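This report looks at helix geometry and backbone angles, and begins with a residue in a loop.

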Amino acid sequence: MLGERDTGFVQAMKVLEGGRIAMAAMGVGIAQAAVDQAVRYMRQRTAFGKTLAEFNGLQGMIADLATEVEVARLLTLRAAYLKDQGRPATHAAAMAKLFASETAMKAATKAVQIHGGAGYITEFPVERIFRDAKLTEIGEGTSEIQRMVIAREILQLT
């Protein structure tokens, strides 16, 4: 039987689940925006007589980022589904938040890199996307905290 203190802890964890899922969803949106902006820029910008979109290295970078965004989206949807069903979602929410926030930061960093010097000026959206991505790594618990939550759930150390 749970004591009053334990019930409060369980309730707090459920609130954190929802916040982490929301932060994961934000990370997915930011990561997708970063990829979209990078693709748009790659189609317009030319170097050495070709658009950036024609360079194999950049194509591979976009393919990897798009794949990671999709994985982040699916992890987030799974966590949200579990929470909606009233099932335990602590582990799933932490995984989604961790992966989505790190994907957002990675995608934003790559988008800034693709834009080159233009990625730092406010004229291009990737500058803002980069700042917003960092928030997702911090809000609702840092990546290090998410790793601790995931490990504790896996190892059953509560």
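Glutamate 140 counts as partly exposed because its relative accessibility is 32%, where partly exposed lies between buried (under 20% relative accessible area) and exposed (over 50%), with a 1.4 Å probe and protein chains only. Its place is in the loop between helix H4 (126-138) and H5; helices (H or I, at least four residues) and strands (E, at least two) are DSSP runs, numbered from the N terminus.

This is a predicted model, in which local features need pLDDT of at least 70 and side-chain atom pairs count only at pLDDT 80 or more, while totals for chains, interfaces and linings use all residues. Residues are numbered from 1 along each chain as its sequence is written, and side-chain values use heavy atoms, with hydrogens and water left out.

Most residues other than glycine have a negative phi. The table lists residues with a positive phi, including one glycine.

| Residue | Phi | Place |
|---|---|---|
| phenylalanine 48 | near 55° | loop between strand E1 (46-47) and strand E2 (50-51) |
| glycine 116 | near 65° | follows H3 |
| glutamate 140 | near 60° | loop between helix H4 (126-138) and H5 |
| glutamine 156 | near 55° | follows H5 |

Phenylalanine 48 counts as exposed, because its relative accessibility is 81%.

Helix H5 (residues 143-155) has 13 residues and should span 18 Å at 1.5 Å a residue, which agrees with the 18 Å between its end C-alpha atoms; the expected span is 1.5 Å times one less than the number of residues. The buried residues of H5 are Ser143, Gln146, Val149 and Ile150. They cover an arc of only 120° around the axis, and therefore lie on the same side of H5, the arc being that of the directions from the helix axis to the C-beta atoms. The face turned away from this buried side of H5 carries the exposed residues Glu144 and Leu155.
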